[in-house]
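I opened this notebook to keep track of what I looked up, one topic to an entry.

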Amino acid sequence: MNVGIEAQRIFRGKRHGMDIVILEALRAMQELDHQENINVFVQPDEDVSLKSSKNLSIHEIGPANYAYWEQFLLPKAIRESGVDLLHTTSNTAPVKLKIPLVVTIHDVIYLENLMLDKGTWYQRLGNLYRRWNVPAIAKKAQKIITVSDYENERIQHYLKIPAQSIVTIYNACSQHFFTNYSSSEITDFLQNQGLPERFVLYLGNTDPKKNLGNVLKALKLIKDWGKLDFKLVMPDLGETYLQSELKKQSSSDIRPFIHLTGYIPNQKLPFLYQGALCFLYPSLRESFGIPMLEAMASSCPLICSNTSAMPEIAQNAAYYVDPLNAKEIAHGILNMISNSSERETLIANGIKRVSEFSWQKTAEKMLKVYKNEVI
């Protein structure tokens with residue numbers, strides 16, 4: 001069987017969640033013994049992170065903007081390649097397709113709340129595109145893949161899709177997060193990057209769901225209590241955006257306690273997790289939450305929200321907080337820094353929990369879906 005897999009953005013230099021998911025699944029497929037011929041359709045870009053192999057071929061098409069690439073260039077390439085089934089991996093798909101379709105819908109946040117007044121213009125336009133595209137293609141798809149049972153239920157509710165048309169396939173954690181670095185290696189990395197010795201790690205960005213506002217409120221509370229003896233390290237967030245958020249809350253006095261690193265390549269993130277006092281992940285809404293697994297694999301104690309899919313994924317390997325309660329977030333941070341017994345318990349539970357996920361399992365289940373939807 002000839003399977004087409006859309007992986008439009010896996011070659012871009014600054015990869016994020018959905019890009020990493022399909023890239024790791026494809027790498028795992030290359031290691032598996034299967035009969036399918038995998039045709040991967042990508043946009044040409046700066047980081048060629050996947051090579052063709054015996055059972056996997058790379059097709060570069062474009063460049064073009066996201067929507068034009070998906071709605072016009074991808075269908076043309078599909079017709080020319082003669083694939084039997086297409087799997088699109090980032091929520092959306094071509095609306096005019098004459099072969100069976102499998103689509104991964106990571107979340108339906110854009111249907112729960114359009115968020116027209118929040119986030120960057122790029123994020124708002126993306127939400128509008130998904131709001132138009134997803135309901136249409138979800139009803140045409142032979143199978144929908146999603147990443148947690150929580151999201152499975154959300155898709156059934158918002159898209160009115162029957163349960164038998166949706167399958168949950170968990171994500172996993174990249175292997176480099178399981179590397180245990182020595183204290184000297186971690187220290188050298190932190191010093192080379194100009195990072196503080198004592199810090200809490202928070203992977204914040206401009207996405208409203210990442211809850212930056214309440215994180216800053218929590219940091220302000222800790223300072224007002226006279227207990228702010230660490231810094232908050234934030235990769236992938238710009239100074240202008242941070243200053244605007246601090247200004248909204250009249251909290252410019254906590255700026256010296258925040259360290260912005262700029263974009264950190266995924267391969268280097270284990271140094272941050274292993275060097276941190278804890279990992280703070282009080283997101284307002286997650287369909288899975290790969291960074292939680294990254295922290296577990298890196299033996300970094302996890303603080304996360306008690307909402308959406310996070311308890312399903314983290315189970316007993318996290319300290320839970322209400323993401324809307326800044327005081328609760330603040331107490332969680334202070335507890336995790338000072339309570340060595342709870343830290344060790346969460347680290348041990350995290351190592352056990354993360355071992356239950358693997359990209360091999362993810363790839364095997366994807367291949368099973370492809371086979372079932374064509375036969």
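Before turning to the cavity lining I note how its elements are named: helices (H or I, at least four residues) and strands (E, at least two) are DSSP runs, numbered from the N terminus. The model I am reading is predicted.

**Entry on the largest cavity**

I looked up the enclosed spaces and found a count of three cavities of 30 Å³ or more, of which the largest has a volume of about 70 Å³. I then asked which residues are closest to the centre of the largest cavity. Among the 13 residues that line the largest cavity, V21, T104, H106, N171 and M366 are the closest to its centre. Two helices, α1 (17–31) and α14 (359–374), each supply at least two residues of this lining, and the largest share, three residues, comes from α1. Sorting the lining by residue type, I noted seven nonpolar residues, six polar ones and no charged ones.

**Entry on strand β6 and its neighbours**

T104, already listed for the cavity, led me to the strands: the bridge partner of T104 in β6 is I145. The two strands concerned, β5 (residues 101–104) and β6, pair in the parallel sense over three bridges. On its other pairing, β6 runs parallel to strand β7 (residues 166–168), again over three bridges, and here I145 stands opposite V167 in β7. I also recorded that β6, helix α5 (residues 149–159) and β7 make a right-handed β-α-β unit.

Next I asked which residues of β6 lie on each of its faces. In strand β6 (residues 143–146), K143 and I145 are on one side and I144 and T146 on the other, and all of them are buried, so that both faces are covered. I set beside this the general remark that in a regular strand the side chains alternate between the two faces of the sheet.

**Entry on strands β11, β12 and β13**

Further along the chain I followed another set of parallel pairings. Strand β11 (residues 279–281) pairs in the parallel sense with strand β12 (residues 302–305) over three bridges, with L280 standing opposite I303 in β12. These two strands, together with helix α10 (residues 290–297), make a right-handed β-α-β unit. Strand β12 also pairs in the parallel sense with β13 (residues 319–321), over three bridges, and in β13 the bridge partner of I303 is Y319.

**Entry on aromatic rings**

I looked up the ring pairs with a general point in mind, that a pair of aromatic rings is described by the distance of the centres and the angle of the planes. With ring centres required to lie within 6.5 Å, the count comes to eleven aromatic pairs. One of them is formed by F189 and F271, whose centres are 4.7 Å apart and whose planes make an angle of 15°. Because planes under 30 degrees apart count as stacked, this pair of F189 and F271 is a stacked one.

The pair links distant parts of the chain, since F189 is in helix α6 (residues 183–192) and F271 is in helix α9 (residues 269–275), 82 residues apart. Are these two rings buried or exposed? F189 has a relative accessible area of 9% and F271 one of 10%, and because buried means under 20%, I entered F189 and F271 as buried. Separately, I noted that ring pairs link F177, Y273, F279 and Y281 into a cluster.

**Entry on backbone details**

A cis peptide bond joins G62 and P63, with omega at about 10°, and P63 is found in the loop between β3 (56–60) and α2 (66–81).

I also looked up positive phi values at residues that are not glycine. N211 has a phi of about 70° and is placed in the loop between β8 (199–202) and α7 (212–224). D236, with a phi of about 65°, lies in the loop between β9 (231–235) and α8 (239–248). How do they stand in accessibility, and which is buried or partly exposed? N211 is buried, with a relative accessible area of 4%, whereas D236 is partly exposed, at 29%.

**Entry on L346**

Last, I looked up L346, which is found in helix α13 (residues 340–354) and counts as buried because its relative accessibility is 7%. Its C-alpha atom and that of L190 are separated by 24 Å, and the two residues are 156 residues apart along the chain.

Notes. Residues are numbered from 1 along each chain as its sequence is written. This is a predicted model: local features need pLDDT of at least 70, side-chain atom pairs count only at pLDDT 80 or more; totals for chains, interfaces and linings use all residues. Side-chain values use heavy atoms; hydrogens and water are left out. Rings of Phe, Tyr and Trp (its six-membered ring) pair if their centres lie within 6.5 Å; planes under 30 degrees apart count as stacked, over 60 as edge-to-face and the rest as tilted. Buried means under 20% relative accessible area, exposed over 50%, partly exposed in between (1.4 Å probe, protein chains only). On a 1 Å grid over the protein atoms alone, a cavity is a set of points where a 1.4 Å probe fits but cannot get out, and a pocket is an open set with protein on both sides within 12 Å along at least five of seven lines; lining residues have an atom within 4 Å of a point. Grid points are joined across faces, edges and corners, and a volume is the space filled by probe spheres set on the points. Ala, Val, Leu, Ile, Met, Phe, Trp, Tyr, Cys and Pro count as nonpolar, Asp, Glu, Lys and Arg as charged, and the others, Gly among them, as polar. Two strands pair if DSSP finds at least two bridges between them. A crossover is right-handed if, with the strands pointing away from the viewer, the path from the first strand over the helix to the second runs clockwise.
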